[in-house]
Amino acid sequence: MNLFRPVCLVLIASVTLPGCSTNPVTGANEFSIVSEQQELAIGAQQYSPARQSQGGDFTADESLSRYVNQVGQRLAAVSDRDLPYEFTVLNNGVPNAWALPGGKIAVNRGLLVELNSEAELAAVLGHEIVHAAARHGAQMVTRGTLLQGALIASAVASSDSEYSNLIVGGAQLGAQLISQSYGREAEREADLYGIRYMVAAGYDPMAAVTLQQTFVRLSEGRSSGWLEGLFSSHPPSQERVDNNRALVNQMQAEIAGRNLELGEDRYRQETAFLRQSQPAYALMDEAEEDINDDDLESAMNKLRRASEQVPTEARFIGLQADILLYQRRYRESITTYNRAVALDSNYFDYYLGRGVAYSRTNARAEARRDLERSAELLPTAIAANELGKLSLAAGNRNQAKQYFQLAASGEGAVSAEARQAFIQLDRVDNPRTYLQAEPVLGDNRRLFARVVNQSGADMVNVVVNFNAAVADQSGEVNQTIGFLPAGATVDVDSGENLPAGTIHRLTVTITRATPR
């Protein structure tokens, strides 16, 4: 055998050193691998895509978000931690609220219509402020990282987002954080200190009790998963009502004689548009069910009626455009998406749908522009897969592979399609990746290589490298397989018998292969 020079590979692992931190709310010492700087960065980076994945901002009545932010900032001013707090209303009918690390908080319009006063809104926001101030989200990242290797590697389980299984890239982290359950101790802290924040901000803490009573009433006869986010670790119960009432009773000496607000009239005034428009949003909910049942005509009729009632709601128009896209009426869908974008230029779905429609009409420049904008707002497998197709049509194989690989990191049919597209390209560029080889010793220590073609394509001119070190001898030899069919397994003869002695090293490697 020919002499050879061995090559050594050194792998260097980078680790993050954990440490102890102090809970800013309770003062307790806690184990954490997430620094405050990292915590703030997570919130800042994930807030926008998390909102996009949950319906986007509620823009039909922008004054509503300003009002919710004012109430939130009033509570944040008395919290135990100075953070860059932000509060917004999402265009989502599910009664829900959530907080990301760093003080990024959102509440759904579906929750706001169930509340009766500004003080009840303060109870919701105070609860979420505590989750942010007490670093509960950062603790979830710590637990997830330690238990799973990386939180983002887990499947996204956000039940109230139709795009949850299509989110790709870094946005998966935010999607998972807002769908995770806090521990019981974290929820107790959020209840206790949230009530204290209410009192410090001048709100009647009994609203925290009536809020729980409202949720108990709403949850009766519903599935246990109906109320997500705010009370996800333990559903609304009489026990929680009683616990909040006990906390308020303990504060009677502190609040005696104070003029604490409920703010019922102000709340009704600020949410008047939302309440008046509820019938239109109910029609949208029915239309979405019709779409799922493939009754597109009924869905379109309901969405048109909803648009007549609330002309400023882009979602009603965007869903009409989606239906036209499903029906392959591409030019009509583009015109309709234009109307949706004119009302709300910051929601990913309109750009995604319009980009697909442009692509189907061979308007590739316009398609790429819209798909890239959609991916900026929320990276999805659909956008990445379409961008991969456009890049491939333009002759940019490397860029196409990058897009397909990103799309393949999601779940579902689109990701599976992207995975196959990536493999089709990559097996041409890196065919050896799809061939397996292992050494086999035959009679008289004859050395063979068992080669398996898993590429899905026939291969030619496959070069197998044999590399061995036995006793005090070492060397290598190459053999070529002229033709290796897809799915085939063959044993390749090295032409060598290994000498007697201890085998120190024995490898077989595919060094070259060409798809037929």
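This passage describes the aromatic pairs and the charge-over-ring contacts of a predicted model.

The structure contains 7 aromatic pairs. One of them joins Phe58 and Tyr281. The ring centres of Phe58 and Tyr281 are 6.1 Å apart, and the planes meet at 55 degrees. This pair is tilted, because an angle that is neither under 30 degrees nor over 60 falls into that class. The two residues come from distant parts of the chain, 223 residues apart. Phe58 belongs to the loop between α1 (36-53) and α2 (62-76). Tyr281 lies in helix α13 (residues 278-292). Both Phe58 and Tyr281 are buried. Phe316 joins them, and ring pairs link Phe58, Tyr281 and Phe316 into a cluster.

Tyr85 and Phe87 form a stacked pair. Their ring centres are 6.3 Å apart. Their planes are at 15 degrees, so the pair counts as stacked, the limit being under 30 degrees. Tyr85 has a relative accessible area of 7% and is therefore buried. Phe87 has a relative accessible area of 6%, so Phe87 is buried as well. Both values fall under the 20% cut-off for burial.

Charged side chains also sit over aromatic rings. Arg51 lies over the face of Tyr47, 4.6 Å from the ring centre. Arg373 places its charged end over the ring of Tyr351. Here the distance to the ring centre is 5.8 Å.

Definitions and conventions: Residues are numbered from 1 along each chain as its sequence is written. This is a predicted model: local features need pLDDT of at least 70, side-chain atom pairs count only at pLDDT 80 or more; totals for chains, interfaces and linings use all residues. Side-chain values use heavy atoms; hydrogens and water are left out. Rings of Phe, Tyr and Trp (its six-membered ring) pair if their centres lie within 6.5 Å; planes under 30 degrees apart count as stacked, over 60 as edge-to-face and the rest as tilted. Helices (H or I, at least four residues) and strands (E, at least two) are DSSP runs, numbered from the N terminus. Buried means under 20% relative accessible area, exposed over 50%, partly exposed in between (1.4 Å probe, protein chains only). A charge sits over a ring if NZ of Lys or CZ of Arg is within 6 Å of the ring centre and within 35 degrees of the ring normal.
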